[in-house]
Amino acid sequence: MGKRVPDNLPAEFSRFVEVNMGLSFPKEKWGELEKGLHSMCGQFGGGANEEIFARHVMSTPLSKRRIEMLAGGLTVGETYFFREKNAFDAFGHIVLAKAAGMRGSADRNLRIWSAGCASGEEPYTIAMMLKMLLPDLKDWNITLLATDINPHFLEKAAKGVYARWSFRDVPELIINRFFTKRGSGLEILPEIKKMVTFSYHNLMKDDYSSLLNNTNAMDVIFCRNVLMYFSPETIKSVTRNFHRCLTDNGRLIVSQTELNDEYFQEFGKASHAGAMFFIKSDVGAEKKKYRLPSPAAMRETGLTKAVISNASCRHSGLDPQSWDFSKKPQDSCFRRNDDQCGLTPAGLRIDQPSPLAGAGKDEEEIRNGVAAAVLYEKAGKFFEQGEYNRAEDILGRLIEGNPGNAEALSLMARICANQGRLDDALRYIEEATKADNMNPGRHYLHSAILKEKGLKQEAMEALKKAVYLDADFALAYFAMGNLALGSGNRLEAERQFNNALLLLRKHGYDDILPESEGMTAGRLMDLIESMQWRKKERG
């Protein structure tokens with residue numbers, strides 16, 4: 001930056017990018033920071049020098065475009081095929097073990113995420129390996145998600161054309177099998193290209209694990225040469241989120257230069273072919289998962305809606321903040337200033353014993369008259385924290401008491417989907433839609449689960465039901481666009497994306513969208529607009 005820049009600017013700007021983007025530039029990396037600032041000045045325009053650019057960035061709202069510019073200027077996106085060969089040897093071992101364990105199974109699923117995919121060499125390497133490792137690949141339901149924060153990298157990845165420098169570690173046999181000449185470069189074959197779904201994702205800002213952006217229930221996550229740019233606290237946050245995204249026994253593969261036990265405390269470790277990787281322990285292996293009983297089984301247990309129900313007491317559905325929990329269960333009613341009614345706030349009877357067995361805290365709360373709404377809220381908090389087993393325990397008891405509790409059934413479906421238990425998830429959401437067929441959000445969740453199971457036509461039908469019930473359901477139109485794009489209907493995809501954008505512009509930028517798991521209208525607009533680099537691909 002030279003003499004034009006005050007001595008305190010590198011320290012100020014490094015603090016700014018760490019707080020706002022999680023990128024870490026300690027003093028020994030200030031030289032890299034200065035080079036990045038210099039290269040970005042040209043994009044800023046107007047003859048600005050490094051100080052003018054840096055001061056402007058720090059004093060104005062950090063827009064998505066500015067984040068992309070900073071990410072592109074301060075990180076290196078250079079990569080190549082089969083980089084760190086030992087890591088891919090380990091991945092091959094993981095895939096073959098998975099295939100052996102599913103031999104004879106009619107439902108073979110494999111979900112992989114390349115997080116920070118840069119220009120696409122890593123996910124395409126994964127796709128080529130799957131093609132070589134699985135002779136029955138056509139019988140598998142493969143999800144290969146590749147994400148990055150830089151739309152220019154994603155544009156290059158979608159085109160799939162690379163210079164010879166990207167093949168410096170690749171045998172000619174593989175090049176001849178999977179690539180064709182395109183000018184002075186090489187283009188990956190369409191059959192490999194279509195295996196990968198490229199999408200914009202910001203590891204600092206966007207949700208994961210999430211059905212909305214397809215980051216749930218991953219078997220393997222690659223995140224290599226990405227964490228090294230983050231501050232220690234950001235690394236811990238990112239790895240915690242990765243832990244939530246993985247199924248039990250799922251693997252996280254990072255660069256061998258990024259191995260640090262301090263950042264992966266929730267994981268176990270394993271190694272193969274000289275490469276170390278991390279494992280999400282099967283914490284539920286000794287714990288039986290709750291399964292929704294069949295209607296006949298529920299009748300045999302004698303469980304009825306009298307235990308936990310939406311009974312029509314005039315107190316039902318009112319604000320839980322007005323409940324008075326200072327009274328004892330034998331007091332006829334928990335509500336302040338109320339006459340005696342014999343029911344607790346959500347219709348929970350206190351004048352008959354609960355048939356639920358055991359002495360767990362949640363069961364005791366149910367027996368003592370704590371409303372179903374309170375327990376559901378508690379389960380929701382556990383879900384948000386990724387403590388799925390604890391949420392599932394509570395929801396299982398609520399469902400036993402009230403098999404028609406659509407809210408509990410829907411949340412249980414989300415938990416199962418996030419863990420890759422798609423058959424269970426589908427069963428729960430189908431029961432939820434039977435209990436409440438007029439809720440567009442349930443049809444939207446139903447669609448997301450159907451899509452994960454590869455049932456695209458059924459998923460589209462569920463989305464049509466959602467928009468029939470709510471014509472302003474922007475997320476549903478977005479999902480319809482993704483389904484159409486995945487089916488090769490490019491014009492229909494663009495039409496649905498434009499429908500979603502029209503609806504989103506009616507919202508404030510920071511408005512939280514229903515059924516979005518916290519996504520704002522502005523963030524979804526950014527996401528759709530970041531897909532515009534695919535227009536050329538759509539035709």
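Modeller: Axes are lines fitted to C-alpha atoms, for helices over the stretch in contact, with angles from 0 to 180 degrees between N-to-C directions. The model is predicted: local features need pLDDT of at least 70, side-chain atom pairs 80 or more, while totals for chains, interfaces and linings use all residues. Residues are numbered from 1 along each chain as its sequence is written, and side-chain values use heavy atoms, without hydrogens or water.

Biologist: At what angle do the axes of helix 15 and helix 16 cross?

Modeller: Helix 15 spans residues 406–418 and helix 16 residues 422–435 (helices are DSSP runs of H or I, at least four residues; strands of E, at least two; numbered from the N terminus). Their axes come within 8 Å and cross at roughly 160 degrees.

Biologist: Are helix 15 and helix 16 roughly parallel or antiparallel?

Modeller: Roughly parallel means under 35 degrees, roughly antiparallel over 145. The axes cross at roughly 160 degrees, so helix 15 and helix 16 are roughly antiparallel.

Biologist: How many nonpolar residues does the contact of helix 15 with helix 16 have?

Modeller: Contact means heavy atoms within 4.5 Å. Among the residues making it are Leu-409 and Met-412 of helix 15 and Tyr-428 and Ile-429 of helix 16. Besides one polar and two charged residues, the nonpolar ones number twelve.

Biologist: Is Phe-179 buried or exposed?

Modeller: Phe-179 lies in strand 4, residues 179–182. Phe-179 touches residues including Phe-81, Met-128 and Ile-188. Buried means under 20% relative accessible area, exposed over 50% (1.4 Å probe, protein chains only). Phe-179 has 7%, so Phe-179 is buried.

Conventions. Angles under 35 degrees count as roughly parallel, over 145 as roughly antiparallel, 65 to 115 as roughly perpendicular and the rest as oblique. Ala, Val, Leu, Ile, Met, Phe, Trp, Tyr, Cys and Pro count as nonpolar, Asp, Glu, Lys and Arg as charged, and the others, Gly among them, as polar. Lists of a residue's contacts leave out its neighbours within four places in sequence.
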